[in-house]
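Welcome, and thank you for taking a look at this protein chain. Below is a short guided walk through some of its strands and helices.

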Amino acid sequence: MSYAIQAESVGKSFILHHQRNRPNDSLRDALAGSLSHLSRSLLRRARRNQRDETEEFWALKDISFQIRPGERIGLLGRNGAGKSTLLKILSRTLEPSTGRIRIRGRIASLLEVGTGFHPELTGRENIYFNGAMLGMSKAEISRKFDEIVEFAEVEQFLDTPVKHYSSGMYVRLGFAVAAHIDPEILIVDEVLAVGDARFQKKSIGKMHEIGQEGRTLLFVSHNMNSIMQLTQRALLLDHGKIVCDSDTSQTITKYLSAEATEDGRLPLKTKVDWLRGLNFRWLREETAAGFNKPLNFALGFITTQRAFRLVFTLSFINTIGALVLTCKAQLDDLEPGLHRFGLHIRDHHLTPGTYFVRLDLWGSEEHLFEQENIITIDLFAASTDDRLIQNISRRRGDKLGCYAPIALQILPASESHQHD
Ligand SMILES: Nc1ncnc2c1ncn2[C@@H]1O[C@H](COP(=O)(O)OP(=O)(O)OP(=O)(O)O)[C@@H](O)[C@H]1O
C-alpha cells in the first residue's frame, strides 16, 4: 500500500535530571556575601549538580501507523501525551531513539511560533529564508510572494525585522509561507491558537483547501471543532502510546470520555467552606432509552449556613465540544443542613449520542463550584424513529445545534437536617 508517512515502532527517550534535595541557603548566602563568596558557592553548586540523579523518560513508546497520501489526520492527547515530540520526529527536527519513519513527499511543518524565522531579518527576507528552508527555489518564492504577503496581512511591516512582530504576526507569516509552498504533506501544531479568531478561520479554510487538493494533512489541536472540521481520522496519544486510531468522531469521543470522571458521586470540592460533601450522579437506571426521554440526576450537599439564591446549571457538551443544552434551577432560601435533590430534565431534545455534563453552582455573589465533564452520559436509540433521528444528525456532519434552555425541575429535598 502506498503511504505518505509511515512510522514503525517509533520511541523517543529523554534524560531527565533530578536535582537532589539540597539546603537552599547557597544562593541566599551568595547574594548576601561577596563576589568571591558568590563564585565559590556557584562552584560548589556546580560540583553538587554533577552528582544529581538522572532518569530515562520515554515520551513516545512503540508508535506505529501509516498515513496514506491525501489523508487528513488529527492528533489528540492531553498535555504532555507526546504530540509535539511525535510531530518533531515526523518533520525531522528530532531523531527517534528507536524505530524509524519514512516520508514520501515534500513536507512543510509549523510546529512552534517563529520556527524557521531569523529575528534580525525583515518579513520580506524571512519569506525567502523560510521558503528556502522548506525547500522552495528563489524563483518559486518570488512567484508566490504577493500571495503569501496578502494572506499573512503583513504588507505594512514587510520591511520591519520580525523580532518586532507580535506573536500573531509571526504565526500569520509562518502559516502563509508553509501553506503556499505547495507541500505534499502539511504538519500543523496548535499554531492556530495564537492567531485571532478571523485568522484562525482563514487558516482553517486554507487547510481545508489543501486537504481538498489531495494533500496529506497532520493536525494537532485541543480544539475539537477544528479537528472535526479538518480531519477524517484521528490518533489519540496517551502517555506516549497510541490508544485509539479511528475515525475522528470516535477518537474524539474516546478522548473526551477518558477526560470525564466515571461517576461524580465522590465528594467534590467546592470553593467555599460552608458548602461541603457535594455529590452528583446520573440515575442511569431511571433513564429510559429513546429519544427525548427524561433525564434524572441526583445532587446532594451539606450547607453550614443559610444560603440565599443558589443557582445550579447543567451544561451538556457534545462530542465535538459544542454546548448544546443548558439547564438551570434556582433555590431561593436554604436552611443549613443536608440537602438532596432529584434533578429531572424533560423535553431536552438531545439526539442519541454521547454528552459530557458540566455542573456549576452559583451563590448570590460568588461561583461556588464548577466541574467540566463531571459525568458522561450515553443516550441510546430505542426505536426505528430514534435511529432515524440519529442518522439524520450523523449525516448532517456538523452535529451542532443549540436547544432552548429549559428549567430543571427540582424535587423537594427528601431529607433535610438542621445543622448544629
Ligand atoms: N527535550 C526534552 N527533555 C525532556 N523531556 C521532554 C523534552 N521534550 C519533551 N519532553 C517531555 O515529553 C513529554 C511529551 O511532551 P510533548 O511536548 O510531546 O507533549 P504534548 O502532547 O505535545 O503536550 P502539549 O499538549 O502540552 O503540547 C512531556 O512529559 C515532556 O515533559
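Let us begin inside a sheet, where Gly300 stands opposite Arg340 in strand 14. Please keep in mind throughout that this is a predicted model.

**Strand 11 and its partners**

Strand 11 covers residues 295–303, and 8 of its 9 residues are buried, so the rest of the structure largely encloses this strand. Strand 14 (residues 337–345) pairs with strand 11 in the antiparallel sense, over 9 bridges. Strand 10 (residues 275–282) also pairs with strand 11 in the antiparallel sense, here over 6 bridges. If you would like a spot to look for, Phe280 stands opposite Leu299 in strand 11.

**Strand 3 and its partners**

Now move to strand 3, which spans residues 72–77 and is mostly covered, with 6 of its 6 residues buried. In a regular strand the side chains alternate between the two faces of the sheet. Which residues of strand 3 lie on one side and which on the other? Arg72, Gly74 and Leu76 are on one side, while Ile73, Leu75 and Gly77 are on the other, and both faces are covered.

Strand 3 runs parallel to strand 7 (residues 216–220), and 4 bridges join them. Arg72 has Leu217 as its bridge partner in strand 7. Strand 3 also runs parallel to strand 8 (residues 233–238), joined by 5 bridges. There, Leu75 has Leu235 as its bridge partner.

The strand pairings visited so far are gathered here.

| Strands | Sense | Bridges |
|---|---|---|
| strand 3 and strand 7 | parallel | 4 bridges |
| strand 3 and strand 8 | parallel | 5 bridges |
| strand 10 and strand 11 | antiparallel | 6 bridges |
| strand 11 and strand 14 | antiparallel | 9 bridges |

**Helix 5 and its neighbours**

Next come the helices. Two packed helices are described by the angle between their axes and the distance between the axes. Helix 4 (residues 123–133) and helix 5 (residues 138–152) have axes that come within 10 Å and cross at roughly 130°. That makes helix 4 oblique to helix 5. Their crossing is right-handed. On the helix 4 side, the contact is made by Arg124, Ile127, Tyr128, Gly131 and Ala132; on the helix 5 side, by Lys138, Ile141, Ser142, Phe145, Ile148 and Val149. Sorted by class, the residues of this contact are 7 nonpolar, 2 polar and 2 charged.

Helix 5 also packs with helix 6 (residues 167–180), at an angle of about 140° and with the axes 8 Å apart. Helix 5 and helix 6 are therefore oblique to each other, and their crossing is right-handed. Here Lys144, Glu147, Ile148, Phe151 and Ala152 of helix 5 meet Arg172, Leu173, Phe175, Ala176, Val177 and His180 of helix 6. This contact has 7 nonpolar, 1 polar and 3 charged residues.

**A lysine in helix 7**

Lys206 is found in helix 7 (residues 197–212). Is Lys206 buried or exposed? Lys206 counts as buried because its relative accessibility is 14%, and buried means under 20%. Apart from neighbours within four places in sequence, Lys206 is in contact with Phe151, Phe175, Ala179 and His180.

**Stepping back**

Finally, here is the chain as a whole. The chain has 10 helices and 18 strands. Of its 420 residues, 45% are buried. Among contacts with a separation of 6 or more, 72% come from residues 24 or more positions apart.

Notes:
Residues are numbered from 1 along each chain as its sequence is written. This is a predicted model: local features need pLDDT of at least 70, side-chain atom pairs count only at pLDDT 80 or more; totals for chains, interfaces and linings use all residues. Side-chain values use heavy atoms; hydrogens and water are left out. Axes are lines fitted to C-alpha atoms, for helices over the stretch in contact, and angles run from 0 to 180 degrees between N-to-C directions. Helices (H or I, at least four residues) and strands (E, at least two) are DSSP runs, numbered from the N terminus. Angles under 35 degrees count as roughly parallel, over 145 as roughly antiparallel, 65 to 115 as roughly perpendicular and the rest as oblique. A crossing is left-handed if the near helix is turned anticlockwise from the far one by less than a right angle, and right-handed if clockwise. Contact means heavy atoms within 4.5 Å. Ala, Val, Leu, Ile, Met, Phe, Trp, Tyr, Cys and Pro count as nonpolar, Asp, Glu, Lys and Arg as charged, and the others, Gly among them, as polar. Buried means under 20% relative accessible area, exposed over 50%, partly exposed in between (1.4 Å probe, protein chains only). Two strands pair if DSSP finds at least two bridges between them.
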